[in-house]
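Student: Please go through this model with me by question and answer, taking each term with its cut-offs as it arises.
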Amino acid sequence: MRWFKQGLITISVVVLVFVPVLYAKNLPLYGYNEAKKMLAQREQLLLSQFQKGKYVYPAKDSPKKYRYLFKVNRGNGMLEYVFDPYTGGYEVVTDVIKK
């Protein structure tokens, strides 16, 4: 009976340690607002240039992950940036010129 209790305690400790580690591993590095500020700083944009609203969509490469879409008014056009919150990388998706 004693070995059963020790085994149960050991299993409980292992579960209590690894469940939070696995959960934290799957969290993004950047939140939506952090990503917006980072993008504004890197691309020398004003936060007032960003369109209002949050645009989040699932990633094509992994169904459990997602990407942020930022629409930015810049000059006579609009830029759309896709930001990966897991790596901090981003790219320009479209460069639309208003007429």
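Student: In which loop is Gln51 found?
Tutor: The elements here are DSSP runs numbered from the N terminus, with helices (H or I) of at least four residues and strands (E) of at least two. By that assignment, Gln51 is found in the loop between H2 and S1.

Student: On what basis are such statements made?
Tutor: This is a predicted model, in which local features need pLDDT of at least 70 and side-chain atom pairs count only at pLDDT 80 or more, whereas totals for chains, interfaces and linings use all residues. Residues are numbered from 1 along each chain as its sequence is written, and side-chain values use heavy atoms, with hydrogens and water left out.

Student: How far is Gln51 from Met78 in space, C-alpha to C-alpha?
Tutor: In sequence, Gln51 and Met78 are 27 residues apart. Their C-alpha to C-alpha distance in space is 9.7 Å.

Student: Gln44 lies in the loop between helix H2 (32-43) and S1; what is its phi?
Tutor: Most residues other than glycine have a negative phi. Gln44 is not a glycine, yet its phi is positive, near 55°.

Student: Is Gln44 buried or exposed?
Tutor: Buried means under 20% relative accessible area, exposed over 50% and partly exposed in between, with a 1.4 Å probe and protein chains only. The relative accessible area of Gln44 is 71%, so Gln44 is exposed.

Student: Which residues form the salt bridge?
Tutor: A salt bridge is a side-chain nitrogen of Lys or Arg within 4 Å of a carboxyl oxygen of Asp or Glu. A search of the whole structure finds one. The N to O distance is 3.2 Å, and the side chains that meet are those of Asp84 and Arg67.

Student: How far apart in sequence are the parts tied together by Asp84 and Arg67?
Tutor: Both Asp84 and Arg67 are buried. Asp84 lies in the loop between S3 and S4, while Arg67 is in strand S2 (residues 66-74), so the pair ties together parts separated in sequence by 17 residues.

Student: Is Ile9 buried or exposed?
Tutor: Ile9 is found in helix H1 (residues 2-25). Its relative accessible area is 56%, so Ile9 is exposed.
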